[in-house]
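The exercises below go with the structure shown next. Please try each task before reading its solution.

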Amino acid sequence: MASSLRGEVLNLYKNLLYLGREYPKGADYFRSRLKAAFLKNKDVKDPEKIKQLIARGEFVIKELEALYFLRKYRALKHRYYSDD
């Protein structure tokens with residue numbers, strides 16, 4: 001069971017790294033914050049706590065996707081509708 005959780009954590013980290021490339025404050029800022037967040041919880045051994053942390057990470061993924069979608073929507077709206 002621990003190896004499956006490890007795989008989930010690694011996939012979560014990879015997905016967050018991928019999404020962080022378009023972060024408004026920059027990819028380096030996002031990468032450093034992401035690394036700090038994962039290192040803060042590196043000693044967690046309880047499987048239930050790990051599952052909770054994975055769920056929080058998946059929530060962050062959904063929030064980032066919403067942020068990027070909203071930014072693209074605003075850019076398209078700005079192109080097609082003038083403020084006049």
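**Exercise 1.** What percentage of the 84 residues in the protein do buried residues make up?

Solution. The structure is a predicted model, and in it a residue is called buried when its relative accessible area is under 20%. Buried residues make up 17% of the 84 residues in the protein. For the surface as a whole, the accessible area comes to about 7,100 Å², and carbon and sulfur atoms account for 55% of that area.

**Exercise 2.** Describe the secondary structure, and then explain how the overall spread of the chain relates to a compact globule.

Solution. Begin with the elements: the protein has three helices and zero strands, which gives the pattern α-α-α when read along the sequence. The radius of gyration is 16 Å, well over the 12 Å that the globule rule gives for 84 residues, so the protein is more spread out than a compact globule. The box filled by the C-alpha atoms, taken along the principal axes, is roughly 60 × 20 × 15 Å. As for contacts with a separation of 6 or more, 69% of them are accounted for by residues 24 or more positions apart.

**Exercise 3.** Which residues form the largest nonpolar core, and which elements give two or more residues to this core?

Solution. The largest nonpolar core has eight residues, namely Leu12, Leu16, Leu19, Phe30, Leu34, Ile61, Leu64 and Tyr68. The elements that give two or more residues to this core are helix H1 (2-19), helix H2 (27-40) and helix H3 (47-80). To look at one member in detail, take Ile61: leaving aside residues up to four places away in sequence, Ile61 touches Leu12, Asn15, Leu16 and Leu19.

**Exercise 4.** Place Ala55 and Glu65 in the structure, giving for each the element, the accessibility and one C-alpha separation.

Solution. Ala55 is found in helix H3, and its relative accessibility of 42% counts as partly exposed. The C-alpha atoms of Ala55 and Leu12 are separated by 9.7 Å, although these residues are 43 residues apart along the chain. Glu65 also lies in helix H3, and with a relative accessible area of 43% Glu65 is partly exposed. Between the C-alpha atoms of Glu65 and Leu39, which are 26 residues apart along the chain, the separation is 23 Å.

**Exercise 5.** How many Å apart are the mean positions of the positive and negative charges of the protein?

Solution. The protein has 19 positive and 11 negative charges, and the mean positions of these two groups are 5 Å apart.

Key
Residues numbered from 1 in each chain as written. Predicted model: local features only at pLDDT ≥ 70, side-chain atom pairs only at ≥ 80, totals over all residues. Heavy atoms only, no water. Core = buried A, V, L, I, M, F, W, Y, C linked by side-chain atoms within 4.5 Å. Buried < 20%, exposed > 50% of the residue type's maximum accessible area, 1.4 Å probe, protein only. Helix = DSSP H or I, 4+ residues; strand = E, 2+ residues; numbered from the N terminus. Contact = heavy atoms within 4.5 Å. Rg over C-alpha atoms; globule rule 2.2 N^0.38 Å. Areas by Shrake-Rupley, 256 points an atom, 1.4 Å probe, with all protein chains shown as cover. Lys, Arg positive; Asp, Glu negative; His and termini not counted. Charge placed at Lys NZ, Arg CZ, Asp CG, Glu CD.
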